[in-house]
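Me: I should like to learn how to read the backbone and strand features of a protein model. May we work through an example together?

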Amino acid sequence: MDIVRPRGTNDFLPKDTVKWHYLETVLRKLCEEFGYGEIRTPLFEDTNLFQRGVGDTTDIVQKEMYTFTDQGDRSLTLRPEGTASVVRAYVEDKLYGEAQPVKVYYMGPMFRYERPQAGRYRQFHQFGVECFGSNHPAADGEIIALAWEFYRRLGLKGLEVSINSVGCPKCRPKYRQLLQDYFRPHLDKMCKSCQERFEKNPLRILDCKNPECKELAKDAPNSTDCLCEECQEHFQSVCAYLTAADIPYKIDHRLVRGLDYYTKTAFEILVDTIGAQSAICGGGRYDGLVAQLGGPETPGVGFAAGLERVLVALDQQGVEIPASSHTQVYLASLGSSADLKAFQLLQELRKTGIIAEKDLLGRSLKAQMKYADKLQADYVLLLGEEELAQNICMVRQMGKSEQAPVDLDNIVLFLKEQLK
């Protein structure tokens, strides 16, 4: 039986990685402008980190984690999301002792066992930002503005911010009770997972994808009707910052996000071209998570975006990603001495930053010229034993029939001038 890649994973070939490089370049530049530095965390963590951090009532922990026992009998899990790992690093590496706010970003592979579909895989790539140490609504506004600016720079259209407030430990108990009172008469109609969530965390019911549960949740109480004065003011201020930044938004009372750690702000950015799963970004505030994972009381806010879903959206909207750099100079040689000289020239050209190639298969001169054309080279250097004896090479600009001799001692400077 042939060995193939695991279901829900991908091979990214050179024609694909060009697109990834472009996204990553845009993201790194954007984060630099917003004052966020990169953080890199392990691909696997102690399983307890995600059970405590993400929440044991979430689909991620209950159904989707890749968990294994290592040779030291420790339970480890491939990271299913980035925030819990970053918070663990914030606590373990005592970043709370540095000047606040601490603003970081990450990008890399995450792992969830779920049904593969367009833009959603079992190994997927996530970009995220986290801001620790500020409970000011301007931090929420900045996080959403950074995400919005990323999609704007890429050229995506049809975007919308969906936002809600899920309250805080002071006002959420009231909302929890209202939800339980509302759903209790309908318990027998709910899926098994939501029946379990009813006692543990009824907010999770609002996030259920089961059609019957979604229908029941349509008329459930709104969290914004139960907010305390502090949460109400915070939510109104966040909306005001979005208006000031000219970012369109709508309030979605069903939006609670799929993670247990959110407090106050929860948001998603939606795009109308990638099917039912239209969210390409999601995040919010998690003011209790740092303390929950052993650190001091520290507010936090952030978001994460699945990069595969971004690429799907770009493709469906016909947004072209800039092409990669192509071959500028191809060295076509004939004869062993000319081949050695061509190899020497190849290294000299590359040292100056010129993108250059030569034959590596011992092809005929005619075949080399065909290959240079396939590479879309700007110039071809023709070097045979006769040219070598005269210390010249013939230079042909592709697309033109004429060619001219250039002294080998001056060829590097000549090409640098021509390629400016």
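Me: How many of the seven residues of strand E7 are buried?

Reply: Please keep in mind that this is a predicted model. A residue counts as buried when its relative accessible area is under 20%. In strand E7, residues 159-165, six of the seven residues are buried, and the strand is thus mostly covered.

Me: In which sense do E7 and strand E9 pair?

Reply: The pairing of E7 with E9, residues 263-271, is antiparallel and extends over seven bridges. Within this pair, Ser162 is found opposite Glu268 of E9. E7 also pairs with strand E8, residues 249-251, in the parallel sense, over three bridges. There, Val161 faces Tyr249 of E8.

Me: What should one expect of phi and of peptide bonds in general?

Reply: Most residues other than glycine have a negative phi, and most peptide bonds are trans. In this model, the peptide bond from Gln100 to Pro101 is cis, with omega near 0°. Pro101 belongs to the loop between helix H4 (83-92) and strand E5 (102-111).

Me: Which sign does phi have in Lys264, and is this residue buried or exposed?

Reply: Lys264 is not a glycine, yet its phi is positive, at about 55°. This residue is part of strand E9. Lys264 is buried because its relative accessible area is 5%, and the cut-off is under 20%.

Me: Where does Gln376 lie, and is it buried or exposed?

Reply: Gln376 is in the loop between helix H13 (365-374) and strand E14 (379-384). Its phi is also positive, near 60°. With a relative accessible area of 58%, Gln376 is exposed.

Technical notes
Residues numbered from 1 in each chain as written. Predicted model: local features only at pLDDT ≥ 70, side-chain atom pairs only at ≥ 80, totals over all residues. Heavy atoms only, no water. Buried < 20%, exposed > 50% of the residue type's maximum accessible area, 1.4 Å probe, protein only. Helix = DSSP H or I, 4+ residues; strand = E, 2+ residues; numbered from the N terminus. Pairing = 2+ DSSP bridges.
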